[in-house]
Amino acid sequence: MTPPVMLERVDARVIEALIAATYWNRVEPRPRSTEIASALAARIRDPLWMLTRQWQMGEFEGIDSGSPAYVQIRSRSGAVLGWRAPGQGTVQPFTGPLEDVVETESVTGDLATRIEWGLRFGRLLELQDLSAAKVRAILDAFRNDYPVSTAGIYDTDRGGSRLAALSAGRAVDGVDIAEAVGAQLPNDPAVTAEATKVTAAVTALAKELTQTLGSVGGAQALAWSGQQLEYQVEVAVRHPETGPLLLRADPDRDAAFEWFTFDALANSPAGVAEPGRAAVAAAVVRPRPDSFSIVPTFVNFRGMPNHRWWDFERGSTDFGAVTPDLRDVAKLVMMDFMLIHSNDYFLVPFDQAVGTVCRIEQLLVHDVFGTVTLVERADKDAADPGRRWTCFSVATADQNGKPADFFFVPPTAGALRTASEALEDIRLVRDEQANYVWAIEQCAEARDGRPWIGHERHVAEIAKEPAPAPPVSASPLWYRLQTFVPWHWFPMIPVTLNPLSGETALERGQMVRPDGRTPQPLGRILAGSPYRVREEAVPRVGVRVLGEAVRSGWTSGDTHLWIARRELAGRGEGSSGLRYDAGETTTPP
C-alpha cells in the first residue's frame with residue numbers, strides 16, 4: 001500500500017488524507033500444446049539469410065572435415081635399469097630420486113652432528129626400559145671411550161670453540177658409536193650388566209644414522225667431476241624395441257635431472273648398460289603394448305578466443321592489441337596461432353609412469369564422419385640439423401642430434417626439492433690486473449655446522465698478524481715486493497697437462513702470509529691435493545659452486561636427505577688487490 005497523500009484547500013485550509021491503493025495482475029503463458037519440442041527446435045524461417053551469413057564469413061571456402069570424436073593410442077614402455085658414473089663398468093640400481101643416489105656425498109662430521117647423535121643414543125637407551133641411573137652410568141662409560149674430539153678447531157672459529165668448550169666432558173660422540181656397531185662394548189660394569197640392551201641401542205642408532213644422513217665423513221659423490229665442475233651421469237634404460245640403451249645426463253643449474261637434460265647414446269655398447277644376465281634376459285623380451293581410447297579436448301589458454309560467435313570474452317589478456325614489428329617473425333607466428341588457429345588444436349592426456357621410457361607406436365584419430373586418420377611423429381623424417389625443428393624430444397648425441405623415437409620421464413625429484421642455505425659458496429673469478437684466477441671461499445662450514453663467512457674468517461686471522469711497520473727513513477719511498485690478498489682467496493696457477501695438445505688446468509696454490517702461515521681451504525669443494533680445474537671451465541664471467549643440503553619426498557612416501565652441489569654463473573671479473581714491485585711512502589725520522 002502506498003503512503004497517504006495530503007491535500008490542502010486554500011480557502012478553508014482543511015487538510016484531507018487520501019489513501020491510494022495499487023493492484024497487480026499476473027500474466028501467465030498458456031501453451032497451446034503439452035509438447036515443447038517445437039519451441040526448443042528454434043527453427044529458422046529464412047534459410048537464405050543463413051546462407052548469406054555463411055558466405056559472408058567465408059565458410060564456403062573451407063574444407064569439409066570432421067571434428068575429432070575419440071583417439072586411439074598404442075604405446076610401449078621400458079623401465080630404468082640403473083645409473084653409473086662415466087668410466088664405471090656396471091650400473092647401480094635406483095633407491096629413490098636420481099639426485100639422491102647420484103649427488104649424495106658424506107655429511108661433514110661437525111661437532112653439532114656428533115653431539116646431536118650422542119643425545120639420540122641416550123634417548124634410545126631410555127627406550128630399552130633402563131632406569132635413569134643406569135642410563136647415566138652407561139653414558140659415562142661411553143663418554144670415556146667415545147669423547148667428542150675438539151682437535152683441529154681454529155681459534156678464530158668462535159662458534160666451534162664455544163660449542164667445544166660447552167660439550168667438553170659432557171657429550172658423547174654419537175657418530176663414532178654408530179660406526180663402531182658390532183665392536184666390543186666399553187669395559188664397564190654398568191655396560192656389561194645390560195650388554196644386550198646396550199647392543200640393541202647401538203644397532204638402532206647406526207640404522208637411524210644411515211637412513212637419515214647416509215654416511216658421515218669426507219667422501220664425495222662419484223658422479224661429481226671436480227675438473228669440469230659438474231655432474232657426469234649415464235643412465236641405462238630399456239628401449240621398448242631395441243633393448244638396453246644408455247642416456248647421458250647434463251643436469252641444469254639447480255642440479256636437477258629433468259627430461260631435457262638427457263641425450264641418448266645409440267652407439268654405446270649394449271653390454272655396458274646391462275646390469276646383469278638375468279636383467280638382460282628380461283630386457284630382450286618386448287614389453288606388452290598399452291592401448292586405450294580417449295576423447296580429446298580443446299587446447300585452452302588465457303586470452304584464447306572463444307569457440308562460439310557472439311560470446312563475451314574476458315578482456316584481461318588481449319593478444320589482438322599486440323603490435324609486433326614486421327621483422328618479428330616469431331611473435332607474428334605466435335599471434336597467428338593464438339588468434340586464428342588456436343581452436344584447431346586438441347589435447348590428448350597421456351599418463352606415463354615415473355622412471356620409464358615410452359614410445360608411441362600408433363595414434364589414430366576418429367572424427368565425427370567416421371574417418372580414421374593416422375598421425376605420424378612430426379620429426380619422423382630425418383632432416384639436416386640446420387633445418388630440423390622439434391619439441392619435447394630426446395636428442396641422440398652420437399647421431400648428429402637426431403631426435404629419439406621415445407620420451408623419457410626420469411625418476412627425478414624436480415620441483416619437490418627443498419634446499420637449505422649455502423653450506424659452501426666457492427667463486428672462481430678471473431683477475432686480469434694480476435693475471436690470475438682466484439678461488440674465493442665465500443663461506444664454508446664451520447665446526448659447529450653453521451656457515452662461516454670468508455670475510456669474517458679473514459678479519460679474525462689478520463688480527464693475529466703483526467701490524468705493518470713502514471720503515472723510518474729519510475728516503476721518501478720504500479720498496480714492497482708484493483701485497484697480500486684476503487685470507488680466503490686462493491690462487492689457481494695454470495699447469496700444463498699435455499704439451500702436445502696444449503691442455504691446461506688450473507691448480508690451487510698457496511699464498512704465504514706476513515707471519516709465514518699458509519691459509520688452507522676450510523670446506524670440501526676446494527679440498528684435495530692437487531686440486532685442479534680445467535681452464536675452459538672458468539669463463540670470463542666466472543663460476544659459482546654451491547654446496548647445500550637438499551630434502552625431498554618420493555613416490556613411496558619416504559623422505560630423502562642429501563648433500564648436493566650446484567654450478568651457477570659468476571658475476572664477472574674481480575680484483576684481489578695483488579701488486580708486485582710497489583713503492584710506498586716511508587715514515588720520516
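M492 stands opposite R508, a residue of strand β23. That pairing belongs to a wider set: β22 and β23 (residues 503–508) run antiparallel to each other, joined by 6 bridges. Strands here are DSSP runs (E, at least two residues; helices are H or I, at least four), numbered from the N terminus, and two strands count as paired if DSSP finds at least two bridges between them.

Keep in mind that this is a predicted model, where local features need pLDDT of at least 70, side-chain atom pairs count only at pLDDT 80 or more, and totals for chains, interfaces and linings use all residues. Residues are numbered from 1 along each chain as its sequence is written, and side-chain values use heavy atoms, with hydrogens and water left out.

Back to the strands. β22 and β23 make a hairpin with 4 residues between them, and in that turn G502 has a positive phi of about 75°. β22 (residues 489–498) also pairs with β19 (residues 436–445), again antiparallel, through 4 bridges. In that pairing, A439 sits opposite F490 of β22.

Past β23, in the loop that leads to β24 (532–534), you'll find P530. The peptide bond between S529 and P530 is cis, with omega at about 0°.

Now for two loop residues that have a positive phi without being glycine. L229 has a phi near 60°, and N400 has one of about 60°. So how do they sit, buried or exposed? L229 counts as buried because its relative accessibility is 0%, while N400 counts as exposed because its value is 55%. The cut-offs are under 20% relative accessible area for buried, over 50% for exposed, and partly exposed in between (1.4 Å probe, protein chains only).

Here are three loop residues side by side:

| Residue | Loop between | Relative accessible area |
|---|---|---|
| L229 | β4 (224–225) and β5 (230–231) | 0%, buried |
| N400 | β14 (395–396) and β15 (402–403) | 55%, exposed |
| T371 | β12 (356–367) and β13 (372–374) | 42%, partly exposed |

What is T371 in contact with, leaving aside its neighbours within four places in sequence? The answer is V365 and H366, where contact means heavy atoms within 4.5 Å. T371 also has a partner from far along the chain to look at: A69 is 302 residues apart from T371 in sequence, yet their C-alpha atoms are 9.9 Å apart in space.
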